[in-house]
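The following exercises are to be worked with the sequence and the coordinates at hand. Each task is followed by a solution in steps.

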Amino acid sequence: MTFLALSPLQAALLVILTGGTIVALYFLKLRHRRVVVSSSILWRRVLDEQQLHSLWEKLRWILSIVIAVTIALLIALALARPEAESLTGKNERIVIVLDTSPTMNTQTSDGRTRWQRAVDNAKGLLDGGGPTTEFRVIDTAGATATGFTTDRNEVRKLIGEMSPKTADPQFPRVDGKDSQVYFISDGVTIHNTPSFVKRISVFEAANNVGITAFEIRSIPSTPLGYEAYLEVQNFGQTAEVGITVSGAGGQRINKTALLATGESYRDVFDLSQFGGGGIRAAVQTKDDALPLDDVAFAYLPVKRKTRTLLVTKGNNSLETLLKLDNYVDLTVTDPANYRESPTIDAYIFDRFAPASAPARPALIIGAPNAPWLKPSTGEVTKPEITTWSEDHPVMQFVSVHDLSIERAASIDAGGLTVIAASKETPLIVVSEKPKWVMLTFDLGSSDFPFHVGFPVFIENVLAWFNREQLALKRSPGIVDVPLSNAQIRTIDGKIIPSDQQLGKTVFQTNDPGLYAATQGDQRVHVAVNLANPAFSDVNRSVFKTDKAFAEQHYWLRRELWFYMLIAALALISVEWFTYHRRITL
Amino acid sequence: MSTANANVTLFDDEFLKKLEYLNIISKRLFAGQNRAERRTRRRGTGLEFADYRQYVPGDDFRHLDWKAYLRLNRLILKLFEEEEDLPIYFFVDSSQSMNYGQPTKLDYARRVAAALCYIGLANLDRVNVISFADGVKAELPPQRGKGRIFKIFRFLTDMAPNGETDARSSFKTYCTETRRRGLAVVISDFFDGHGFAGALDILRHFRHDIFVVHIASHEEIDPGLRGELLLVDAESNATREITITPSLLTAYRAEYAKYCEAVESYCGKYQLGYVRTTTDFPFEELVLKVFRQGRFLK
């Protein structure tokens with residue numbers, strides 16, 4: 001037996017002092033109450049007769065001392081936190097790593113989920129540990145990582161609060177030198193673990209048909225035209241799959257497909273008949289084990305015309321282009337008659353800039369001088385576009401690699417976003433706030449108006465100015481939105497708690513859905529979809545068989561001091577009972 | 001207990017009324033059996049015919065049965081019973097152990113003795129009261145007639161509890177000095193370190209008719225003692241440390257019962273009258289019980 005709170009010498013001293021004190025107290029004379037009796041003749045006889053049983057009397061005396069000493073020692077040694085490995089198990093450390101991958105939501109044949117099995121296994125580990133065993137719980141999402149503790153209730157409570165979370169599970173960094181590390185997983189998303197990790201499987205084969213891709217994309221040839229791309233894959237046995245794409249306005253497309261094991265269904269849906277708003281894709285099949293990937297969401301921008309004011313001294317190609325655009329309501333004026341109007345959605349300034357920035361977004365062509373614009377610091381001749389940003393919405397589907405420019409102004413692009421440049425010379429810059437786009441070259445000194453990408457560029461600029469954007473694509477888990485201090489709502493208006501991190505709004509969701517982030521007049525939609533074959537393939541487990549975990553049980557479940565205090569309490573009760581019945585002294 | 005208080009509380013008017021009542025009750029109970037005169041085994045000048053015997057010279061001619069002489073031609077003498085009063089000796093234990101209980105055993109003994117004395121006096125018996133402990137402490141000379149009761153009261157009232165009990169020595173001392181046999185009423189708790197049997201043996205040896213009144217207090221029968229105690233013997237002041245346990249109390253009760261049983265058995269064995277009472281038992285009922293035993297009044 002060892003003591004966690006005292007050294008062996010201190011424990012021995014404690015035993016001697018406690019025992020000695022109690023025995024000494026027992027030998028102290030009690031002050032007897034004086035009682036006069038008429039005669040002690042009969043008392044003498046009784047006592048003399050009782051002395052015949054002196055052995056029992058001595059035993060009573062000894063028993064009383066033994067009980068008192070035992071009680072005192074139990075209490076005293078309980079303070080020293082004794083430990084007996086044979087009873088309580090050695091002082092070990094157990095790290096429980098719980099796989100919180102989305103695949104842990106897969107239902108098993110008993111109607112429960114792999115996650116619930118994992119929780120049961122984790123609690124089994126807790127129950128199997130000794131009283132002094134320290135536990136630590138970590139998940140693969142990086143959201144939960146406790147320190148070592150012997151408080152099972154705390155650990156049990158924590159495990160009860162955990163759930164499958166993230167779309168990007170990773171095995172945490174754990175030290176296997178002083179600890180036993182158990183990894184409870186279905187073996188689907190995390191295949192490789194350190195060699196010292198003991199893996200506990202909760203895997204069971206299941207049928208699953210899931211949406212592995214769903215997105216809405218604009219049709220470059222059709223202004224404000226959109227189509228939806230859907231990919232469905234069967235990861236279970238052959239199944240007939242019902243596919244539904246529905247819109248906020250009640251529009252619906254239904255299809256059916258018979259998918260063999262591992263077979264995929266891919267289709268593009270024309271959404272020209274759909275109004276703007278949320279689009280939901282869903283698959284229906286029998287015995288589907290993972291509901292999480294049965295739905296996917298996207299956002300279809302609302303179609304409306306942009307009231308555009310073109311301020312130019314004359315630019316036929318640009319004017320013609322805008323007039324041909326069905327979604328542009330064009331007004332043309334010369335710089336002398338320019339007046340800012342509240343009815344205008346966007347301005348296009350051709351080789352002109354007003355003295356003050358307009359309240360609405362503007363496309364500035366030719367880098368004119370204005371106080372609210374970057375001043376020109378010189379001129380660059382025949383600049384060749386070397387870099388451009390295809391990811392920016394303005395440059396989507398626009399190829400400028402072969403653009404020929406005669407002259408361009410040189411500006412300092414500090415604080416601006418350069419989306420096309422010739423080496424160090426910015427050619428197309430973007431200001432996020434106020435929102436404007438500037439070409440540092442004149443359309444007349446370049447062949448840009450004759451490029452196929454020019455109408456797309458103008459369309460992108462106007463769309464970026466005023467039109468709704470497609471939804472951002474995110475996976476379940478921690479979702480970030482590139483808007484600061486935005487309010488997050490579900491598609492049905494429910495507010496989701498969010499945080500601010502590095503100028504972004506961050507919120508957490510474990511369910512696929514369409515969310516709207518609003519900050520002032522800015523609004524961004526976020527489509528959170530699982531849409532990942534790595535998660536939908538719930539049978540891609542590294543576990544060949546469902547290995548049963550052999551739990552180790554110890555006789556006692558708590559530290560010895562607890563039982564010692566209980567024993568002391570019981571002995572005190574016995575002592576109290578026997579004392580009052582004069583069995584003990 | 002102070003004797004002054006005892007005088008007031010023990011023998012007040014109410015007590016005297018009770019004595020008178022007891023006297024009447026006793027006469028009613030035993031009417032026709034006893035009168036003031038006691039028959040003795042002596043043949044004498046009484047009125048009651050006792051027996052015949054042959055005439056021998058020197059006999060009183062007046063007692064010759066002349067009718068028998070005419071029939072039998074023999075001189076036959078008529079014998080008559082001698083009638084004389086009965087000496088009653090009340091041995092009242094006044095040792096320190098009697099000063100125990102509520103009321104004390106001595107107070108109770110005083111009342112019982114007083115009641116029996118009164119009845120004895122009323123029956124014209126010679127009443128002797130002896131206070132004893134480790135010897136004869138005091139002795140009231142023979143009294144006769146109801147008028148002497150107040151003298152007895154005073155004697156009983158002046159009786160103070162002290163000393164250890166040695167009844168054997170006390171009785172021996174008294175009996176060797178006292179000449180006539182009679183009825184010996186012993187009123188005691190019989191807590192005698194020398195043993196009760198030896199004392200009663202003395203009385204038997206002197207051929208007294210013995211009646212035992214065994215007085216106990218409730219506190220002795222069922223002592224409500226608890227805990228760690230220093231027991232002090234009221235008589236000897238001897239002390240003993242004990243721990244009262246339920247088993248010890250049970251053993252004591254059994255021992256006490258055994259002791260009482262021993263006294264009663266002794267009395268039964270030698271056909272002695274025996275009455276045991278506790279101090280909370282009405283003394284008048286006790287007195288009647290004594291009468292019913294038929295030994296006190298013949």
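**Exercise 1. Cis peptide bonds**

In which loop of chain B is the place of Pro103(B)? Identify also the cis bond that ends at this proline, and its counterpart in chain A.

*Solution.* The model is a predicted one.
- Step 1: Pro103(B) is found in the loop that runs between β3 (87-93) and α4 of chain B.
- Step 2: The bond from Gln102(B) to Pro103(B) is cis, its omega being near -5 degrees.
- Step 3: In chain A, a cis peptide bond links Lys433(A) to Pro434(A), with omega about -5 degrees.
- Step 4: Pro434(A) belongs to the loop between β23 (425-431) and β24 (436-439) of chain A.

**Exercise 2. Nonpolar cores**

Determine which members of the largest nonpolar core touch the most other members, and which helix gives the most to this core.

*Solution.*
- Step 1: The largest nonpolar core has 73 residues, and Phe90(B) and Val185(B) touch the most other members.
- Step 2: Helix α4 (residues 105-122) of chain B gives the most to this core, namely 12 residues.
- Step 3: Leaving aside residues up to four places away in sequence, Val185(B) touches Ile88(B), Tyr89(B), Phe90(B), Phe91(B), Leu116(B), Phe211(B) and Val213(B).
- Step 4: Another core, of 52 residues, lies apart from it; among its members are Ala296(A), Phe297(A), Val524(A) and Phe535(A).
- Step 5: As background, nonpolar side chains in soluble globular proteins tend to be buried together.

**Exercise 3. The interface between the chains**

Describe the side of chain B that touches chain A, beginning with the number of residues in contact.

*Solution.*
- Step 1: Contacts are formed between 30 residues of chain B and 21 residues of chain A.
- Step 2: On the chain B side, β8 (227-233), β9 (239-244) and α9 (246-269) each supply at least two residues.
- Step 3: α9(B) gives the most to this side, with eight residues.
- Step 4: Sorted by class, the side of chain B that touches chain A comprises 16 nonpolar, six polar and eight charged residues.
- Step 5: Strand pairing also joins the chains: strand β2 (residues 33-37) of chain A and β8(B) run parallel and are joined by five bridges. Arg34(A) has Leu230(B) as its bridge partner in β8(B).

**Exercise 4. Two helices of chain A**

Are α5(A) and α6(A) roughly parallel or roughly antiparallel to each other? Give the reasoning and name the residues that make the contact.

*Solution.*
- Step 1: The axes of helix α5 (residues 114-128) and helix α6 (residues 152-161) of chain A come within 10 Å and cross at roughly 175 degrees.
- Step 2: An angle over 145 degrees counts as roughly antiparallel; α5(A) and α6(A) are therefore roughly antiparallel to each other.
- Step 3: α5(A) makes the contact through Val119(A), Ala122(A), Lys123(A) and Leu126(A), and α6(A) through Arg152(A), Val155(A), Arg156(A) and Ile159(A).
- Step 4: By class, this contact has five nonpolar, no polar and three charged residues.

**Exercise 5. Strands of chain A**

Which strands are the edge strands of the open sheet β26-β30-β29 of chain A? Contrast the pairing in this sheet with that of β4(A) and β5(A).

*Solution.*
- Step 1: The open sheet has three strands in the order β26-β30-β29 (chain A), and their pairing is antiparallel.
- Step 2: β26 (477-481) and β29 (498-501) of chain A are the edge strands, since each pairs on one side only.
- Step 3: β26(A) and strand β30 (residues 504-509) pair over five bridges; in β30(A), Gln508(A) is the bridge partner of Ile478(A).
- Step 4: By contrast, β4(A) pairs with strand β5 (residues 134-139) of chain A in the parallel sense, over six bridges. Here Val97(A) has Ile138(A) as its bridge partner in β5(A).
- Step 5: Strand β4 (residues 93-98) of chain A is mostly covered, with five of its six residues buried.

**Exercise 6. Positive phi values**

Is Asn73(B) buried or exposed? Compare its surroundings with those of Phe397(A).

*Solution.*
- Step 1: Asn73(B), a residue other than glycine, has a positive phi near 60 degrees, and its place is in the loop between α3 (66-72) and β2 (76-84) of chain B.
- Step 2: Asn73(B) has 7 other C-beta atoms within 10 Å and is exposed, because a residue with 12 or fewer counts as exposed.
- Step 3: Phe397(A), likewise not a glycine, has a positive phi of about 60 degrees and lies in the loop between β20 (387-388) and β21 (407-411) of chain A.
- Step 4: Phe397(A) has 16 other C-beta atoms within 10 Å and is therefore partly exposed.

How values were computed: Residues numbered from 1 in each chain as written. Chains lettered and ligands numbered in written order. Predicted model: local features only at pLDDT ≥ 70, side-chain atom pairs only at ≥ 80, totals over all residues. Core = buried A, V, L, I, M, F, W, Y, C linked by C-beta atoms within 7 Å. Buried ≥ 20, exposed ≤ 12 C-beta atoms within 10 Å, placed from the backbone. Helix = DSSP H or I, 4+ residues; strand = E, 2+ residues; numbered from the N terminus. Contact = placed C-beta atoms within 7 Å. Pairing = 2+ DSSP bridges. Nonpolar A, V, L, I, M, F, W, Y, C, P; charged D, E, K, R; others polar. Axes fitted to C-alpha atoms, helices over the stretch in contact; angles between N-to-C directions. Parallel < 35°, antiparallel > 145°, perpendicular 65-115°, else oblique.
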